[in-house]
Each structure stands twice: as structure tokens, then as C-alpha cells.
Amino acid sequence: MPTITYTDADGQTRDVQATPGDSVMETAVRNGVPGIVAECGGSLSCATCHVFVDEEDLATLPPVSDMEDEMLYGTAVDREDTSRLSCQIRVVDGQDLHVTTPATQV
Amino acid sequence: MSGLLVVGSSQAGVSLATSLRALGHEGPITLLGDERHRPYQRPALSKEWLQGTVTSESLLFRSDSYWPEHGIDLVKGERVIRVDKADDGSGVAHSMSGAQFAFDRLALAVGARPRRLVMEGTDLPGVLYLRNADDALELKARLPDVRDVVVIGGGFIGIEAAASLTTLGRSVTLVEAAPRLVARAVGEQTSAHLLEHHRSTGIEVLLGTSVRRITARSDHVGGVELADGRVLPADLVLVGVGVVPNTGLAESIGLNCADGVLVDETAVASDGHTMAIGDCANQPNPMPGAPPGDRVRFESVNNAIEQAKVAAYAITGRREEYAGIPWFWSNQGAVKLQIAGLSTGHDRTLVRRDAGKGKQSVLYYRGERLLAADCINSPLDFLAVKAALSKGLAIPFVAAADPAVQLKAVTQPAPVPVGTAR
Ligand SMILES: Cc1cc2nc3c(=O)[nH]c(=O)nc-3n(C[C@H](O)[C@H](O)[C@H](O)COP(=O)(O)OP(=O)(O)OC[C@H]3O[C@@H](n4cnc5c(N)ncnc54)[C@H](O)[C@@H]3O)c2cc1C
Ligand code: FES
């Protein structure tokens, strides 16, 4: 099972075993990892699932869709080059991911 | 030692239990609901789940291990039918199966139920409503035998389901009694845009049209007879004519109700102890500048989450008034509608449009004050309006009128009000 490492804005980390096919958002929310709000439950409507993806992992992810790109301009903490909406990142077998959550989502 | 009993384990109930644990509350929590399923999110039932693009598992709020790990006693399949409550807010809830659940404090998160159509034929097999997972499962199970669908009601659920069923290749007619779509929740320009879009995808939309009765073909639904006598063929009829808040339990324990359980800014009902949250609760209008005494009952995920948070604070002894800006989304096929704020009381509107990209935002103002926006495929406008409203910032009408300008770029501190001058 792939492991997702969530680091919060204070630097505290948590490792969660993820089911391939689930999103990085779902994996966090279902297991009670704080820092990702995800009000819309993954339907790309709220921009409260913002994460910063580690540089090395970023290149392995499928590209950002136009809608995600627009939504990223409206996140509570300003986007950076490594920003993604975690509901749009699917976990793939054999691929660990490292993400950092912003100080706030709302 | 009986703790908090939350009745209703959907969006509001789940948010209350999980918010309490996130706040560090350690008291016992029982989260009880009458459905047989593990707690799940409803919005996709008319959209992605119906279209088959997400799995049932992905609708679950939490993993199975979350509940025991966080000391939340999750009870499924128990319907509370009677509550004995003392003056201090504690008591015992009795379920239909005869089980009893003692509580120190009760939270009602019992939601709403579909308003039923009252006319001939509504009890025929194939006449469906869409509120919960069982409704959605039945809808999906019937689809293989369905070609013609009639949706009665042009509100969010009706339109979303119509769009999903069209995507699935069904022939859909949507009948709405009002002269425009979603008249209750969006302005005219938004209704017009939705109408044009959905007609262009092949949905036959009949506005200002009422239904006389539902007709049978052998012992199953066969058609929908309109007021003018025309009969629309139907293998399946989906009724989406609004919901009614579940206030029966609240009324039975003497709580004041009027279109929902009446609660204050902290989600506390009229007995001073019991809480009511989500679709079943009617609360003071939280919008900044709302007329004093004005009340609202929301039917949205955002409200269920926000009100649950306020209730969680109240339970932990901290007074936090409901202050969030109401927002809502509705994905209708290729249309993503996002609404921020409440447009009630607006005196002018501004439309920003990029027709080529199917984008349209309508901003609602009272004088210079921005109240709300309906945004179609325009998430940037939506997020900018939501942020401005939440932070008490202004988006000047004149600046926003230029569709080339980003709303975020023209957001500025609100002018200091001088007397009544604008
Ligand atoms: C198909 C559909 C699509 C939607 N799409 C969107 C959307 O896109 N965006 C959005 O913001 N909102 C959407 N909504 C609305 C949103 O889902 C609701 O606002 C939200 O579910 C309200 O949560 P709630 O917990 O207050 O009530 P409910 O979700 O109604 O839950 C109440 C629960 O309490 C249970 N219950 C009731 N009485 C008892 C009793 N006596 N004993 C035990 N249990 C009881 C009910 O069975 C139910 O499980 C949609 C709703 C539906 C049905
Ligand atoms: S969960 Fe709402 S946009 Fe990702």
C-alpha cells in the first residue's frame, strides 16, 4: 500500500496507508488527518483541500486541469508552484507521496 | 456519564461529532441514525455517483476505524420515535426497535425529507424521490429498463438528476410549474443560462407547466399527464419538489418550530439545552447587514458543517456565533454552478460573461454593498466573492463590471459608512 506523508504548517508529520484509487484528500479526511477541510467532498467546488506537493513527487502527477488551475487562484493561502487540490490527486499503487498542508483552508 | 446523543448521522451529525473530537472534547458521543448504511455524503447521489464516475465507497465520510479510534459510538439502523427529556436537557431517546439511549444533552441533526406530490398515481412503482442512498440505489437499479424519464421539479436535485440521466443516454423531460428554473435560489439571468444550456444538451424543459396526474402502464408508471391533457411517456418519474424539515421529534419535546427547529446563533433550541443543526434547523440570518429578526433555514453541506462547528463550540463551553458566508454548489453536467452569499434584498445586478467558455457570473448588490454571486463555470469569481464577503471586503460595482478584470484584484477594504450616505 502506498504511504502518504502529511506535514502540517507547524511541521508535524503523519503517515497514512492509502488505498490506490482514493484521492490524497479522501485518504486524509477519512482517517481524521487535520489540515484538509474538503467541504465539497472532492467535487472540485470549494478549494479547501489545498496542499503543497514535494518537488520530487510533483513531476510524477498528472497535470492540473483548467478548472483546478482556476480554483487554485482562490485558495485561502496563496498558491505556489507546488500547489495542488488534493481531491484531484489519485493515489497510484507503488507511489508514495509527500504533501504539506497550508496554515488555513478557509 | 451518558454524554451527547446526536440523532441523525449525516452531514450535520457527522460534522458535529468529528468537530467535537477535533476540538479535543473527550465526553462520550453517540452518533445515531436510522439508515442502514455507514454515514455518507449525499451530493454525488444526483451527480457523479449516479453517472457512475465515483464509487459508493468514496462517499463515506470516514473510514470504519475512525469511529472507534475517536471514541464515537456509531449506531446504524435505529430510528428514534420518542424522547423523554428533563428540564436540564438530559433524558432518554427510545427507538423503534425498543432500544433506549440515555443522554446528558441531545443534538437533533435529523435533516429533511422530500415533499411528497399529492395526486393520482404517485404510489405507482417507478415514481421515485431522491434524498438518500436507498432512493439512489433504487433509481440506479431501475435504469436498465428505462428509456423515457420525466423529472417533476426544476430545482437543484431535479436538474442535476436530469443532466446525469441525459449523460447516461436517457431521454429526459423536465416539468417545472414556475416560469423559470431554480427560481427559489438563483436570479433570472442564472435561470436563463441554465435553461439554455440544458436545452442544448437535449433535455426537454417545460416551464410554467403543471402536472395533473401520473398514469399507469399495466401496474407500473407509464406517463405523466399535464394540465393541458398532454401525456408524456415515462418509464420512470423522478419527483424533486423540495424538502420538508423533520421537526416531529422536536415538536414532541416542546421545542419551538417554524419551518425547522428554531435555534439561536449558537444552534441552541428554545429549551436552552437541545441543539438543532443542518437542514432541520431554522436560524437567525447570519449574513452581515441582514435585517434584525430575519431567519433562514439552509439546505446545504456548507451550512451543516458550519452550524455543527458552532454547536461543537457551544458544547465545549465556548460561545462562537454562526458567522460563515453561506455557499452552495451544484454540478449539472458540464455546468458548475457555485453560489456565495444570499441575494435577498438586492437592488441591482451585474453580469460578467465569457460566452465562448460558457462562463457567467451574476453579482448581486444593495447599493454599493455586494450581497451574493451566482457563478457558472467561473470558480475564480466565486472564490473572490466568497473571500470578500467572509472578510468584510468590498468589490466595487463599477470595477467588477469589466469582465476582463479579476475580482480578486479589485477587492478592497470596505468604505467606512458615513451616516446613510453611499
Ligand atoms: C441528491 C442530493 C444532492 C445534493 N447536492 C448538494 C450539493 O451539491 N451541494 C450542497 O451544498 N448540498 C447538496 N445537497 C444537500 C445536502 O446534502 C444537505 O443539505 C445535507 O445532507 C444536510 O445534512 P443534515 O445532516 O442536516 O440532514 P440529512 O442529510 O437529511 O440527514 C439527516 C439524517 O437523519 C436521519 N434521521 C431522521 N430522523 C431520524 C430519527 N428519528 N432517528 C434516527 N435518524 C433519523 C435521516 O435518515 C438522515 O440520515 C444535496 C442533497 C441531496 C439529497
Ligand atoms: S474537496 Fe472541494 S475542491 Fe477539493
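These are my notebook entries on a predicted model with chains A and B.

**Entry 1. A strand in chain A**

I began with strand β3 of chain A, which covers residues 50-53. Which of its faces are covered? Both are. H50(A) and F52(A) lie on one side, V51(A) and V53(A) lie on the other, and all four are buried. In a regular strand the side chains alternate between the two faces of the sheet.

I then looked up the partners of this strand. β3(A) pairs with strand β4 of chain A, residues 83-85, in the antiparallel sense, over three bridges. Within β4(A), R84(A) is the residue opposite V51(A). β3(A) also pairs with strand β5 of chain A, residues 97-100, again antiparallel, over two bridges. There, T100(A) in β5(A) is the bridge partner of F52(A).

**Entry 2. Where chain A meets chain B**

I turned to the interface next. On the chain A side 19 residues are in contact, and on the chain B side 25. About 1900 Å² is buried between the two chains, and carbon and sulfur atoms give 51% of that area. Which three residues supply the most of what chain A buries against chain B? They are R30(A), E39(A) and E70(A), with 36% between them, more than any other three residues.

I noted two salt bridges between chain A and chain B. In one of them D78(A) is paired with K408(B), with 3.6 Å between the closest N and O atoms. I also noted twelve residue pairs in polar contact across the interface, both residues being at pLDDT 80 or more. On the side of chain A that touches chain B, the elements giving two or more residues are α1 (24-30) and α3 (66-72). By class, that side has eight nonpolar, six polar and five charged residues.

**Entry 3. Salt bridges**

Over all chains I have 31 salt bridges on record. Side chains of opposite charge can pair when their charged atoms come close.

I looked up K359(B) with E70(A), a salt bridge whose closest N and O atoms are 2.3 Å apart. This pair crosses between chains: K359(B) is in strand β25 of chain B, residues 359-366, and E70(A) is in helix α3 of chain A. Are its two ends buried or exposed? K359(B) counts as buried because its relative accessibility is 16%, under the 20% limit. E70(A) is buried too, at 19%.

K85(B) and D271(B) form another salt bridge, with the closest N and O atoms 2.8 Å apart. The two are 186 residues apart and link distant parts of the chain. K85(B) is in strand β4 of chain B (residues 80-85), while D271(B) is in the loop between β18 (261-262) and β19 (275-276) of chain B. K85(B) is partly exposed, at 24%, and D271(B) is partly exposed at 22%.

A third pair is D228(B) and R230(B), whose side chains meet at 3.9 Å, N to O. D228(B) is exposed at 57%, whereas R230(B), at 41%, is partly exposed. I also found that salt bridges with shared partners join D22(A), E26(A), R30(A) and R90(A) into one network.

**Entry 4. Positive phi**

Most residues other than glycine have a negative phi, and most peptide bonds are trans. I looked up two residues with a positive value. A38(A) has phi near 55 degrees and lies in the loop between α1 and β3 of chain A. S218(B) has phi near 45 degrees and is found in the loop between β13 (211-217) and β14 (220-226) of chain B.

Which is buried or exposed? A38(A) counts as buried, since its relative accessibility is 11%. S218(B) counts as exposed, since its value is 69%.

**Entry 5. Two more residues of chain B**

E225(B) is in strand β14 of chain B and is buried, at 10% relative accessibility. Leaving aside neighbours within four places in sequence, E225(B) is in contact with V211(B), R212(B), R213(B), T215(B), R230(B) and V231(B).

T201(B) sits in the loop between α6 (188-200) and β12 (204-206) of chain B. At 37% relative accessibility T201(B) is partly exposed. A polar atom of the T201(B) side chain lies 2.8 Å from the backbone oxygen of H198(B). T201(B) and A258(B) are 57 residues apart in sequence and, C-alpha to C-alpha, 40 Å apart in space.

Key:
Residues numbered from 1 in each chain as written. Chains lettered and ligands numbered in written order. Predicted model: local features only at pLDDT ≥ 70, side-chain atom pairs only at ≥ 80, totals over all residues. Heavy atoms only, no water. Buried < 20%, exposed > 50% of the residue type's maximum accessible area, 1.4 Å probe, protein only. Pairing = 2+ DSSP bridges. Contact = heavy atoms within 4.5 Å. Buried area = accessible area lost by both parts, 1.4 Å probe. Salt bridge = Lys/Arg side-chain N within 4 Å of Asp/Glu carboxyl O. Polar contact = N/O pair within 3.5 Å; in protein donor to acceptor, adjacent residues only side chain to side chain. Nonpolar A, V, L, I, M, F, W, Y, C, P; charged D, E, K, R; others polar.
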